[in-house]
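Hello,

Here is the structure I promised to pass on. Please open it and keep it beside this email while you read.

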Amino acid sequence: MTDSALVLVANAGDGSISVFRFEDERMTRLAVTEGLTGCSTFAVDAERDLVYAGVKGATEGEPAGILTLALDRHTGRLERRSRLDLPDGGMNYLALTRDGTGLLGAAYSGGYGISCRVDDGVVGEPVSRVEFRNLHAVLPSTDGRFAYFVSLGDDLVAQYALDDDLSLVPLTPETVAAPEGSGPRHLVLNAAQDAVYVLTEFSGEVLHYARDTSDGTLRLAGAAPAFDPSKDLTHSTFGADPMAGHLTWGADLHFGADERYLWATERTESTLAAVAVGADGGVTAPTRFFETEPQPRGFALSADGRFLVAAGERSTTVSLYAVDGDALDLLERVETGRGANWVRFV
């Protein structure tokens, strides 16, 4: 971790992105860029200081879109560069691939996923499109040869090869099942690229998929719960109100230092917890849980895994923690904006 870094936080309720300077174990807000209606996901090209943000239409009749924003690292300001309209619905997840020349997206309400070429920060029209119910996230393999979409509505992971022009070519099989009714939501790939981990929304589990590094295909190999068993949460279902029913409500997933733990959020009880990852890639349930920002949808860890920043959908602050293995130590809370839901270190 460098002595100074930036932390970007999307505030969907305010339609803004806050940029913080992270230095000496403290966060200082540099700037807030507004006019980003409903921004709930963004991807950062750190080499080019570009941010690709998913937004909703600002006025009735205006389509959702992907904005390209130029990041000024000194002031924290974000300047608009270009926009791709998305008439079939906005993105819930964006991920860059191939050194920033490609962009993948997943649209929850629209039920579709896309791959696009990026030329000098301009996102082109989709090269490929796939359709599954309530797609929630997408990530490429590190080498840019494959892409994986998770479908909350269809309980599956869809797997594709990325062709030279970024076309999505189905693998055989095209999809791999998740447990019925689990609601796959977010995913991560390990550094060795031989495992994919998926956090489910309705069952609150971390699913372990073994990955063939040659042909890219996945195989479900195990699972572990990531929610606090002492809170008597019960399995959720699509369309249910988790808060009213005291139901499991998984959200975000990220690796900790050395990939020994997978940190996960649960929103009904507003907890962060670390699922242990064994030498064989298997997962084990957490032994302790940390209450964090109300309804924590998004969080991120620093590159060295020593710090974690968590945002809550029912809060106007973000929490900064020091991380020690599977433990968190709160360092400070700082103001960001309403409906904070996406966090990235840059």
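**What I found**

Start with one facing pair: Ala-137 stands opposite Val-150 in β14. Keep in mind that this is a predicted model.

Ala-137 belongs to strand β13, residues 135-140. Five bridges join β13 to β14, and the two run antiparallel. Together they form a hairpin, with five residues between them. Look at Gly-144 in that turn: its phi is positive, about 75 degrees.

Now follow the chain to the other side of β14. Six bridges join β14 to β15 (residues 156-162), again antiparallel. Here Ser-151 stands opposite Leu-156. This pair is a hairpin too, with four residues between the strands. Asp-155 in the turn has a positive phi of about 55 degrees.

How many of the six residues of β14 are buried? Six of the six are, so the strand is largely enclosed by the rest of the structure. In a regular strand, side chains alternate between the two faces of the sheet. In β14 both faces are covered. Phe-146, Tyr-148 and Val-150 are buried on one side. Ala-147, Phe-149 and Ser-151 are buried on the other.

Next, a separate stop: an open sheet of four strands. Its order is β3-β2-β1-β30, with antiparallel pairing. β3 (26-33) and β30 (340-345) stand at the edges with a single partner strand each, so one side of each has no neighbour in the sheet. On average, neighbouring strands here are turned by 25 degrees against each other, direction ignored. Five bridges join β1 (residues 4-11) to β30. Within that pair, Val-9 stands opposite Val-343.

Best wishes

Notes: Residues numbered from 1 in each chain as written. Predicted model: local features only at pLDDT ≥ 70, side-chain atom pairs only at ≥ 80, totals over all residues. Heavy atoms only, no water. Buried < 20%, exposed > 50% of the residue type's maximum accessible area, 1.4 Å probe, protein only. Pairing = 2+ DSSP bridges. Axes fitted to C-alpha atoms, helices over the stretch in contact; angles between N-to-C directions.
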